[in-house]
Amino acid sequence: MTTKTAAPGATTSSRVKDLTITAICLVLVYVFTAVVNIRLPFAPNGGLIHLGNVPLFVAAILFGKRTGMIAGGIGMALFDLLSGWTAWAPFTLIIVGCMGLVVGAVTEKKKSFPFYLLAMVLACAIKIGGYYVAEAILFGNWIVPATSIPGNLLQVGAAAVITLVIIEPLRLAANHTILRK
């Protein structure tokens, strides 16, 4: 089940439902990023492994690219703003927003394991490339950001495994619950 952006003629109830779902997903991304995280001791410029990508992937797959983009981008940028990673917030907003957009776009028509996997591989590429460029800009060095790649791979890889295990039961439950209301 994918919720779409409410059309101009959509009911107020439909718009409120979409807004509520997106807000809940945004909060879940923030909480999973803030609460379940480990700072990397081997990355010269810091680094963080967190589980915020799990609700990001779930939101994008279940509720579409718009929800994935907003929940992921704003949820993780909010974490950056509130946790001392402030300089990263604009980059995170764009990079993670793009991750949510791509995951939602790839999986909106085809709800199957190969498409879920493809979407998360593309999200991983966006994360690695985006944060590589962001780190190079912030620190003025195009070599050191390579040390962040293993942490980004681990972070997205762990989130992908968790998401792939839980997504089908969640999707079936969401379809059952949301369609009955």
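**Exercise 1. The end of H2**

Which residue follows H2, and what is the sign of its phi?

*Solution.* Start with the ground rules. This is a predicted model, in which local features need pLDDT of at least 70, side-chain atom pairs count only at pLDDT 80 or more, and totals for chains, interfaces and linings use all residues. Residues are numbered from 1 along each chain as its sequence is written, and side-chain values use heavy atoms, with hydrogens and water left out.

Now find the end of the helix. Helices (H or I, at least four residues) and strands (E, at least two) are DSSP runs, numbered from the N terminus. Gly 64 follows H2. The phi of Gly 64 is positive, near 100°.

**Exercise 2. The layout**

List the elements of the protein in order from the N terminus.

*Solution.* Count by type: the protein has six helices and two strands. Then read along the chain: the order is α-β-β-α-α-α-α-α.

Next, take burial. Buried means under 20% relative accessible area, exposed means over 50%, and partly exposed lies in between (1.4 Å probe, protein chains only). Of the 181 residues, 42% count as buried.

Last, take contacts, meaning heavy atoms within 4.5 Å. Among the contacts with a separation of 6 or more, 68% join residues 24 or more positions apart.

**Exercise 3. The core**

Find which members of the largest nonpolar core touch the most other members.

*Solution.* Define the set first. A nonpolar core is a set of buried Ala, Val, Leu, Ile, Met, Phe, Trp, Tyr and Cys residues joined through side-chain atoms within 4.5 Å. The largest one holds 36 residues, and Leu 56, Phe 57, Met 99 and Val 103 touch the most other members.

Then ask where the members come from. H1 (12-35), H2 (53-63), H3 (65-82), H4 (89-107), H5 (113-139) and H6 (149-180) each supply at least two residues. H2 gives the largest share of this core, nine residues.

Now go back to Phe 57. Leaving aside neighbours within four places in sequence, Phe 57 is in contact with Met 99, Val 103, Met 120, Ala 123, Val 156, Ala 159, Ala 160 and Thr 163.

Check the contact from the other side. Ala 160 is in helix H6. With the same neighbours left aside, Ala 160 is in contact with Phe 57 and Met 120. Ala 160 counts as buried because its relative accessible area is 11%. Its C-alpha lies 8.7 Å from that of Tyr 116, 44 residues away in sequence.

**Exercise 4. H2 and the pocket**

Work out how many residues of H2 are buried, and what H2 gives to the largest pocket.

*Solution.* Step one: 11 of the 11 residues of H2 are buried. They include Asn 53, Pro 55 and Phe 63.

Step two is the pocket. On a 1 Å grid over the protein atoms alone, a pocket is an open set of points where a 1.4 Å probe fits, with protein on both sides within 12 Å along at least five of seven lines; lining residues have an atom within 4 Å of a point. The largest pocket has a volume of about 200 Å³, where volume is the space filled by probe spheres set on points joined across faces, edges and corners.

Step three is the lining. It has 13 residues, with Cys 25, Leu 28, Pro 55, Val 58 and Ala 59 nearest the centre. H1, H2 and H6 each give two or more. H2 gives the most, with six residues.

Step four is the class. The lining has 13 nonpolar, no polar and no charged residues. Here Ala, Val, Leu, Ile, Met, Phe, Trp, Tyr, Cys and Pro count as nonpolar, Asp, Glu, Lys and Arg as charged, and the others, Gly among them, as polar.

**Exercise 5. Buried or partly exposed?**

Sort Thr 33, Gly 97 and Arg 66 by accessibility.

*Solution.* Thr 33, in helix H1, is buried because its relative accessible area is 1%. Leaving aside neighbours within four places, Thr 33 is in contact with His 50, Gly 52, Met 76 and Phe 79.

Gly 97, in helix H4, has 5% relative accessibility, so it counts as buried. Beyond four places in sequence, Gly 97 touches Met 69, Gly 73 and Thr 92.

Arg 66 belongs to helix H3. Arg 66 is partly exposed because its value is 37%.
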